[in-house]
Amino acid sequence: MRDRIHLALLRLYQRMPTPIRRRIVRTVAPSYTVGAMCFIEREDGAVLLVRLAYRKRWGVPGGLLQRGEEAADGARREVFEEVGVAVDLIGEPRVVVDAEPQRVDIVYRARLADGVDPDAAAPQSPEILEARWFPRESLPELQHETVTALLALARPGPSVSAPPLGVEAPGR
């Protein structure tokens, strides 16, 4: 009986217009915030960290994505808004899902864009009290999210030698 009710509800759901189906999913599914952050590395290996007005430990530039914003664009925007420098993103990002606060972070490595002086990185937002370069071997106390993101970047990425899935794109 329970399976028949489940199947009937799925058929009803299938007939609904897409906007209504999306609204149902967003209402019953857990919601997560999605943000992007950047570990900005200087040529000598030092990392740019920021101290936020509302946190005790140091973190990296980043923040929530705007509705419809691509993660890479959001990461670059947040860096510019917080410390006033343009960056180039390096490699593929890592994704960190933190279930308890229901947060997803897209974590990037970055370097200053060509021609940007490392000394130009300075607080540009009231939420940033300080921006400072730290050698990797002497980092200050870091926020939990920053440590988790740093560990994610330290893990090996997807293997480029992994075999393809063996499926073709539709229409071929």
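Biologist: In which sense do S1 and S6 pair, and over how many bridges?

Modeller: Bearing in mind that this is a predicted model, S1 and S6 pair in the parallel sense, with 9 bridges between them. One of the residues involved is glutamate 41, whose bridge partner in S6 is arginine 111. S1 also pairs with S4, here in the antiparallel sense and over 3 bridges, and methionine 37 stands opposite glycine 62 of S4.

Biologist: How many of the 9 residues of S1 are buried?

Modeller: The count is 7 of the 9, so S1 is largely enclosed by the rest of the structure.

Biologist: How should I read the largest pocket, and which residues lie nearest its centre?

Modeller: Rolling a probe the size of a water molecule over the atoms reveals where empty space remains. In this model the largest pocket holds about 330 Å³ of space, and its lining comprises 20 residues, with Met37, Arg55, Gly62, Gly63 and Gln143 nearest the centre. Among the elements that each supply at least two lining residues are strands S1 and S4 and helix H4, and by class the lining has 8 nonpolar, 6 polar and 6 charged residues.

Biologist: Why is the pair of tryptophan 58 and phenylalanine 134 described by its particular geometry?

Modeller: A pair of aromatic rings is described by the distance between the centres and the angle between the planes. The structure holds 1 aromatic pair: the ring centres of tryptophan 58 and phenylalanine 134 are 5.0 Å apart and the planes lie at 75 degrees, so the pair is edge-to-face. The pair links distant parts of the chain, tryptophan 58 being in strand S3 and phenylalanine 134 in strand S7, 76 residues apart, and both residues are buried.

How values were computed:
Residues are numbered from 1 along each chain as its sequence is written. This is a predicted model: local features need pLDDT of at least 70, side-chain atom pairs count only at pLDDT 80 or more; totals for chains, interfaces and linings use all residues. Side-chain values use heavy atoms; hydrogens and water are left out. On a 1 Å grid over the protein atoms alone, a cavity is a set of points where a 1.4 Å probe fits but cannot get out, and a pocket is an open set with protein on both sides within 12 Å along at least five of seven lines; lining residues have an atom within 4 Å of a point. Grid points are joined across faces, edges and corners, and a volume is the space filled by probe spheres set on the points. Helices (H or I, at least four residues) and strands (E, at least two) are DSSP runs, numbered from the N terminus. Ala, Val, Leu, Ile, Met, Phe, Trp, Tyr, Cys and Pro count as nonpolar, Asp, Glu, Lys and Arg as charged, and the others, Gly among them, as polar. Rings of Phe, Tyr and Trp (its six-membered ring) pair if their centres lie within 6.5 Å; planes under 30 degrees apart count as stacked, over 60 as edge-to-face and the rest as tilted. Buried means under 20% relative accessible area, exposed over 50%, partly exposed in between (1.4 Å probe, protein chains only). Two strands pair if DSSP finds at least two bridges between them.
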